[in-house]
Amino acid sequence: MAGTSVLLTVRPGESGQGYVLRMASENGLRGLPFVKSGLGRSRFHTLDADDAARISKWFGAPEGELAEALGHISRDAAKTGFSYAGQEIGRSYFLNRGRPRVCPRCMSQHGFCRAEWDFVLVVACPRHACLLADRCPVCDKAVDWNRPSLTACQCYSDLRGWKAQSVVPPTLELAFAQWVSAFVTPGARDEAAVENTDGAGFALLRLLRPLSLGAGLSLTYALASACQYPLSGGGQRVKKKTSLLHGRQVLQAADRLVQRIAQGERIELRVSQRPVTVALLSEAMTKATCPEDRSIALSILGSVLRQGGRTKWSGQYGQLSQLPLF
Ligand SMILES: [Zn+2]
Ligand SMILES: [Zn+2]
């Protein structure tokens, strides 16, 4: 077992489950299933802040730090509000803690799982300008938290050697991942190997930049649902809400909509998902930590509400397009 106490703590920006898996691997234990059975949990259990006290006794990370990294996402947390990596999160489905994603290059270079990979809408790595992987290229199975070790797939292929799919920046996916990373990883901005991904070129990122993480995520999902994702794209429905494809499509849909609003285009929205959109916007507004959160969400909410009971409408977000952000 590694001797320095540094290794026993949660690393800056490390996911809680990733920490436990790393510790299990370093201690020669058989991955998370072994830890979960020690906790009296099934192998399908997702580790949460509730488990932090006992795990911290086994592996040494301070309990508060570990609880923050694991996040309060369980059903009990619904009453007090979800949080992850120290950030308030409006909905538990903003997170994807069941279907892990990895950046093979980060795993090889830094040796730990990043908290930002656990967000459904984070599909790329701004440090290496590549897409995240959620499937093993050798056995074609989904990456699993119940894998034998931090770096081994269930088929024992070493995920540090997987070929990452490069993307040429700037892309919306990289810019968005960098925006999330700045919240959950201290010093993330300095680490980024990718330049020009501050998002200035993307309408969605210009909108998100002044917002808190929770409000920005609510807003992004609200925008995507306002243009009735996932029914767009020839009526093709994406089943898995945790898939990389779903994440990319939500991002693209939200960005496209903001772009059109910003250009003062006439927008035609189908509003069958209006209740979801309104609820998410209200959340973005009430959870606002700064005046910008509140005013942006409020003006979009106002526009959506003005649509009335019609199922189809045309109109302009006049108020929005006049915002200085655009
Ligand atoms: Zn990376
Ligand atoms: Zn495999």
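How many nonpolar, polar and charged residues are in the lining of the largest pocket? By class, this lining has four nonpolar, five polar and five charged residues. The tour begins there, with the reminder that the structure on the screen is a predicted model.

**First stop: the largest pocket**

Please select T46, I73, S74, R75 and R97. Of the 14 residues that line the largest pocket, these five lie nearest its centre. The space inside the pocket amounts to about 300 Å³. Rolling a probe the size of a water molecule over the atoms shows where empty space is left.

**Second stop: the zinc ion, ligand 1**

Next, select ligand 1 together with C103, C106, C125 and H128. These residues are the protein donors of this zinc ion: the three cysteines through SG and H128 through ND1, at 2.1 to 2.4 Å from the ion. The four donor atoms of ligand 1 form angles of 103 to 115°, and the site is tetrahedral. Along the chain, the donor residues follow the spacing C-x2-C-x18-C-x2-H. Now trace the backbone from C103, in the loop between β2 (87-89) and α6 (104-110), to H128, in the loop between β3 (124-125) and β4; the pair therefore ties together parts that are 25 residues apart in sequence. Are C103 and H128 buried or exposed? Both residues are buried.

**Third stop: the zinc ion, ligand 2**

Move on to ligand 2 and show C136, C139, C153 and C155. Each of these cysteines is a donor to this zinc ion through its SG atom, at 2.2 to 2.3 Å. The arrangement is tetrahedral because the angles among the four donor atoms are 105 to 113°. In sequence, the spacing of the donor residues of ligand 2 is C-x2-C-x13-C-x1-C. C139 and C155 both lie in the loop between β4 (130-131) and α7 (172-184), so this pair ties together parts that are 16 residues apart in sequence. Colouring by accessibility shows C139 as partly exposed, at 25% relative accessibility. C155 is also partly exposed, with a relative accessible area of 31%.

**Fourth stop: the aromatic rings**

The whole structure contains six aromatic pairs. A pair of aromatic rings is described by the distance of the centres and the angle of the planes. Select Y93 and F94 to view one of the pairs in this model: their ring centres are 5.3 Å apart and their planes meet at 85°, an edge-to-face pair. Y93 is partly exposed, with a relative accessible area of 35%, whereas F94 is buried, at 1%. For another pair, select W179 and F183, which is edge-to-face because the ring planes stand at 80°, with the centres 5.2 Å apart. Both W179 and F183 belong to helix α7, where they are four residues apart, about one turn of the helix. W179 counts as buried at 7% relative accessibility, while F183 is partly exposed at 26%. Finally, add Y221 to the first pair: ring pairs link Y93, F94 and Y221 into a cluster.

**Last stop: E63 and D51**

Where is E63 found? E63 is in helix α4, which covers residues 63-70. The relative accessible area of E63 is 44%, and the residue is partly exposed. To finish, draw a line from the C-alpha of E63 to the C-alpha of D51. The two residues are 12 residues apart in sequence, and their C-alpha atoms are 9.5 Å apart in space.

Notes:
Residues are numbered from 1 along each chain as its sequence is written. Chains are lettered from A and ligands numbered from 1 in the order in which they are written. This is a predicted model: local features need pLDDT of at least 70, side-chain atom pairs count only at pLDDT 80 or more; totals for chains, interfaces and linings use all residues. Side-chain values use heavy atoms; hydrogens and water are left out. On a 1 Å grid over the protein atoms alone, a cavity is a set of points where a 1.4 Å probe fits but cannot get out, and a pocket is an open set with protein on both sides within 12 Å along at least five of seven lines; lining residues have an atom within 4 Å of a point. Grid points are joined across faces, edges and corners, and a volume is the space filled by probe spheres set on the points. Ala, Val, Leu, Ile, Met, Phe, Trp, Tyr, Cys and Pro count as nonpolar, Asp, Glu, Lys and Arg as charged, and the others, Gly among them, as polar. Donors are N, O and S atoms within 2.8 Å of the metal (3.2 Å for Na, K and Ca); water is not among the atoms, so sites may look incomplete. Four donors count as tetrahedral if all angles lie between 85 and 135 degrees; four count as square planar and six as octahedral if opposite donors are over 155 degrees apart and all others between 65 and 115; anything else is irregular. Helices (H or I, at least four residues) and strands (E, at least two) are DSSP runs, numbered from the N terminus. Buried means under 20% relative accessible area, exposed over 50%, partly exposed in between (1.4 Å probe, protein chains only). Rings of Phe, Tyr and Trp (its six-membered ring) pair if their centres lie within 6.5 Å; planes under 30 degrees apart count as stacked, over 60 as edge-to-face and the rest as tilted.
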